[in-house]
Amino acid sequence: MNTLAERLIRTHSLTVPEYRALIEKRTDALAQTLADAAVKARKAIYGTTVFTRGLIEISNICKNDCLYCGIRRGNTHCDRYRLAPEEILACAAAGYELGFRTVVLQGGEDPFFTDGVLCDLIGQIKAMHPDVAVTLSLGERSRQSYQALFDAGADRYLLRHETANRAHYEALHPKEMSYDNRMRCLRDLKAIGYQVGCGFMVGSPGQTAQHLAEDLKFIETFRPAMVGIGPFIPQKDTPFANEPAGTAALTCYLLSILRLIDPTLLLPATTALGTVDPMGREKGILAGANVVMPNLSPVDVRKKYALYDNKICTGEESAQCRGCLQRRMEAIGYTLVIDRGDRKDK
Ligand code: SAH
């Protein structure tokens, strides 16, 4: 076997130059070797179960202007919406009936969602469904804000670091955003006690194997509970409209490496992966992922939450999304479970 692959499987760690070499030396055969080891590692901990997260896209109003993102404030073609708290609660209740025991509230950085509004909302979800984990994915906030939301009952927070390389971060974001603040947020979230998710896009403009190697080393040392990765996909009204999309093959390869870095990781096969390849989510699971995130948003807003073009499942009802994924997972030998889906120890 490739010596780097063998050492990664055995020690769960490589140096940055070694991660880079592993990425640059990707072949179909090596990808299969890593996928086999990753699946073995995930099965030892999670068997063939796949956790689900019901994603509620609460607002596409955003004060930020990330160059890659379709809901950036500079996009005047974006048809803006915001769900009312009652609509969000209705989605969470519908999700509960369908078997979701985690809801993810995701959105742009919309000033309407103050700590007061969010704490009420989290409190109401928890009161209605004490057995549901609440995950937030609402961008950068102050430490005090993260603390207030945690005290209100939020369990997890997803904040992709986007890239662990400062110069690359600056190439993907406007100058008023900062790498240091993104990293400060992740550290604060962890210190407060959230189960934290970080992550990055695969094939984002300007990304090199060196950048990806730095992302892997960052994840190895930061030790998040979750890692969200998915291919970058251009959105037609952004400065990156004409950049190529990331590939499913490289994304799956990195999923296998992440599983081997930390066999206990919660690792979604994302909607973006299913968008670049019709079998992307299946391929992600077969590469070592163990989570899927079907859409629970009201059907009429799904097309408006257009982070990237051609997003799948924007016409489907929530029940169809869960049913479809259940069939897809069963077809490859895996099962969706009704469970909060917390990280398991080894
Ligand atoms: N505002 C929140 C949620 C962002 S949307 C936050 O800042 O965390 C969730 C993720 O979608 C982002 O972190 C980014 O990695 C991803 N994303 C944004 N635009 C994308 C694109 N064009 N292609 C693929 N993924 C994209």
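The following exchange discusses a predicted model of a protein with a ligand.

Biologist: Which residues come nearest to the ligand?

Modeller: The ligand is surrounded by 17 residues. By class, this shell comprises ten nonpolar, four polar and three charged residues. The residues that come nearest are Tyr68, Gly107, Arg160, Glu162 and Ile233.

Biologist: How many Å separate a nitrogen atom of the ligand from a polar backbone atom of Ile233?

Modeller: Ile233 is one of the residues that come nearest to the ligand. The pair consists of a polar backbone atom of Ile233 and a nitrogen atom of the ligand. Their separation is 2.7 Å.

Biologist: What percentage of the accessible area of the ligand does the protein cover?

Modeller: A backbone N or O atom of Gly107 lies 2.9 Å from a nitrogen atom of the ligand. In the side chain of Arg182, an N or O atom is 3.4 Å from an oxygen atom of the ligand. On its own the ligand has 560 Å² of accessible area, and the share of this that the protein covers is 92%.

Biologist: How does the reach of helix 3 stand against the expected value?

Modeller: Helix 3 spans residues 28-46, which makes 19 residues. At 1.5 Å a residue, 27 Å is expected. From first C-alpha to last, the helix comes close to that value, reaching 26 Å.

Biologist: Which helices and strand are included in what covers the buried residues of helix 3?

Modeller: The buried residues of helix 3 include Leu30, Leu34, Val39, Arg42, Ile45 and Tyr46. Several alanines are buried there too, among them Ala35 and Ala41. The cover includes strand 1 (49-52) together with helix 1 (3-11), helix 2 (16-24), helix 10 (248-261) and helix 12 (280-286).

Biologist: Is Thr33 buried or partly exposed?

Modeller: Thr33 lies in helix 3, and its C-alpha is 8.1 Å from that of Ala5, 28 residues apart along the chain. Buried requires a relative accessible area under 20%. Thr33 has 26% relative accessibility and therefore counts as partly exposed.

Biologist: Which residue just after helix 3 takes a positive phi, and which residue in the loop between helix 1 and helix 2 does so although it is not a glycine?

Modeller: Just after helix 3, a positive phi of about 60° belongs to Gly47. The loop between helix 1 and helix 2 holds His12, which is partly exposed with a relative accessible area of 23%. A positive phi of about 60° is found there in a residue that is not a glycine, namely His12.

Biologist: What is the phi of Cys313?

Modeller: Cys313 is found in the loop between helix 13 (299-302) and helix 14 (318-331). Its phi is positive although the residue is other than glycine. The value is near 65°.

Biologist: Is Asp155 buried or exposed?

Modeller: Asp155 lies in the loop between helix 6 (143-151) and strand 5 (156-158). Its contacts beyond four places in sequence are Lys126, Val132, Ala133, Val134, Tyr194, Gln195 and Arg340. With a relative accessible area of 15%, Asp155 is buried.

Biologist: Which residues does Lys344 touch, not counting residues up to four places away in sequence?

Modeller: Lys344 sits in the segment after strand 9 (335-336). At 37% relative accessibility, Lys344 counts as partly exposed. Pro239 is 105 residues apart from Lys344 in sequence and 41 Å apart in space, C-alpha to C-alpha. The residues touched by Lys344 are Ile45, Tyr46, Phe51 and Thr264.

Conventions. Residues numbered from 1 in each chain as written. Predicted model: local features only at pLDDT ≥ 70, side-chain atom pairs only at ≥ 80, totals over all residues. Heavy atoms only, no water. Helix = DSSP H or I, 4+ residues; strand = E, 2+ residues; numbered from the N terminus. Buried < 20%, exposed > 50% of the residue type's maximum accessible area, 1.4 Å probe, protein only. Contact = heavy atoms within 4.5 Å. Expected span 1.5 Å × (residues − 1). Near = heavy atom within 4 Å. Polar contact = N/O pair within 3.5 Å; in protein donor to acceptor, adjacent residues only side chain to side chain. Areas by Shrake-Rupley, 256 points an atom, 1.4 Å probe, with all protein chains shown as cover. Nonpolar A, V, L, I, M, F, W, Y, C, P; charged D, E, K, R; others polar.
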